[in-house]
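Take a walk through this protein, from its overall build to single residues. Keep the model open as you read.

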Amino acid sequence: MSLLRLRTFIEVYRHRSISGAARGLNLTQPAVSQHISGLEVAIGRPLFERQPQGVKPTVVADDLAADIGNKLDDAESALATARARSMDVAGTLQIIGHSDFMAEKLAGELLPLLKSGIRVHLHARDGPMVSQMVIEGHCDLGITAHPVTDTRLKGDVIFTDRVIAIASLALAERLNSSEHFGRDLLNEPLLAYNLELSLIEHWLGKNPIKFSSLLPTMVCQDLRSQRSLLCKGFGLTVMPEFLCRAYLDEGKLASLKAPVGDTEIRYNLVWLPSALRQPRLAHTRQILLHRLGNPA
């Protein structure tokens, strides 16, 4: 079985569509159909049932997709990375993700790419928009702390960090010495990433601190703004340690003692599987996975 036929099969399987696979592979629909027909002849069984809207995989197709798994993506990524070492990878790369992570964790790791001639455009958005922009082809890579659930995307955990509760020195000292830590904490102004209180509820739930409802005093999807308010002595929040470690070490902020323990956040690097055929993108993925601490 040729690599192109297998890649064509995977694209049709993922898209459930001949036309969708053709767009992803930059092939004509007849060419895609021909590759699928050739693969069906080689296997001796039909792989898809043609329907008015797209195609439906057969049991044989499900088994083949399970056997292939990530092997094809890994092989193409390795080939693209090898090509990148021996050819010009200059061009523009579009990356979308959380603004605070890109500013304080990602930007410094882009230096090898920038020196190799790759131009980088960073776009600040939240999780759902990150996935959408990558799926629609507006951005090449996305970085999100939200779980990747869309089957059209592939992803790797690129960075993991501890999530801690922090406040000003005075407030942290008062709360840490309180006999009613949970109750007193909930009575302080709360600074949140979003109205869903995703980071905060997880931390409170682990500790466990019960509450009926929480209304944040300020909401902002850049945790650096919350850090600024904390340094002025106002409120408390929960955030990844990389955003506040220097401030804790310098004594500008203090952590709150978690009754049970702190939580964890995982940042995912996401992309469209077909995009790894581009040497520039495959090279970038390998560089970022290595430099941010999760080598592939």
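At what angle do the axes of helix 2 and helix 3 cross? The model is a predicted one, and in it the axes of helix 2 (residues 18–25) and helix 3 (residues 29–43) cross at roughly 105°. They come within 9 Å. The two helices are therefore roughly perpendicular to each other. From helix 2, the contact uses Ile18, Ser19, Ala21, Ala22 and Leu25. Helix 3 answers with Gln29, Val32 and Ser33. By type, the residues of this contact are 5 nonpolar, 3 polar and no charged.

Now step back to the whole. The protein has 14 helices and 11 strands. Its C-alpha trace spans about 75 × 45 × 25 Å along the principal axes. Of its 296 residues, 48% count as buried. Look also at contacts between residues at least 6 apart in sequence: 75% of them join residues at least 24 apart.

Return to helix 2 and check the loops on either side. Most residues other than glycine have a negative phi. Arg16 is not a glycine, yet its phi is positive, about 55°. Arg16 sits in the loop between helix 1 (3–15) and helix 2. Its relative accessibility is 36%, so Arg16 counts as partly exposed. Asn26 also has a positive phi, near 60°, and is a residue other than glycine. Find Asn26 in the loop between helix 2 and helix 3. At 72% relative accessibility, Asn26 counts as exposed.

Next, go along the chain to helix 6 (residues 99–106), which packs with helix 12. Their axes are 8 Å apart, at an angle of about 80°. That angle falls between 65 and 115 degrees, and helix 6 and helix 12 are therefore roughly perpendicular to each other. Helix 6 brings Ser99, Asp100, Ala103 and Glu104 to the contact. Helix 12 brings Leu223, Arg224 and Arg227. The residues of this contact divide into 2 nonpolar, 1 polar and 4 charged.

Stay with helix 12, residues 223–231. Which of its residues are buried? They are Leu223, Gln226, Arg227 and Leu230. Seen down the helix axis, these buried residues fall within an arc of 105°, so they line one face of helix 12. Leu223 and Arg227 also take part in the contact with helix 6. Just after helix 12 comes Gly233, with a positive phi of about 90°.

Helix 11 (residues 198–206) can be read in a similar way. Its buried residues are Leu199, Ile200, Trp203 and Leu204. Down the axis of helix 11 they fall within an arc of 120°, so they line one face of the helix. What do these buried residues pack against? Two of the partners are helices, helix 10 (181–186) and helix 12. The others are strand 6 (154–167), strand 7 (191–192), strand 9 (236–240) and strand 11 (263–271).

Strand 7 holds Ala192. Is Ala192 buried or exposed? At 0% relative accessibility, Ala192 counts as buried. Leaving aside residues up to four places away in sequence, Ala192 touches Leu197, Ile200, Pro216, Met218, Val219, Cys220 and Gln226. Among these, Ile200 is a buried residue of helix 11, and Gln226 is a buried residue of helix 12. Compare Arg152, 40 residues from Ala192 along the chain: the C-alpha atoms of the two are separated by 31 Å.

Cys220, one of the residues that Ala192 touches, leads to the cysteines. How many disulfides does the structure hold? It holds 0. Cys220 is in no disulfide, and the nearest cysteine sulfur, that of Cys231, is 15 Å away. At 25% relative accessibility, Cys220 counts as partly exposed. Why is Cys231 not bonded to Cys244? The sulfur of Cys244 is the closest cysteine sulfur to that of Cys231, but the distance is 9.8 Å, too far for a bond. A pair of cysteine sulfur atoms would have to be within 2.5 Å to count as a disulfide. Cys231 has a relative accessibility of 34%, so Cys231 counts as partly exposed.

Definitions and conventions
Residues numbered from 1 in each chain as written. Predicted model: local features only at pLDDT ≥ 70, side-chain atom pairs only at ≥ 80, totals over all residues. Heavy atoms only, no water. Buried < 20%, exposed > 50% of the residue type's maximum accessible area, 1.4 Å probe, protein only. Axes fitted to C-alpha atoms, helices over the stretch in contact; angles between N-to-C directions. Helix = DSSP H or I, 4+ residues; strand = E, 2+ residues; numbered from the N terminus. Parallel < 35°, antiparallel > 145°, perpendicular 65-115°, else oblique. Contact = heavy atoms within 4.5 Å. Nonpolar A, V, L, I, M, F, W, Y, C, P; charged D, E, K, R; others polar. Arc of directions from axis to C-beta.
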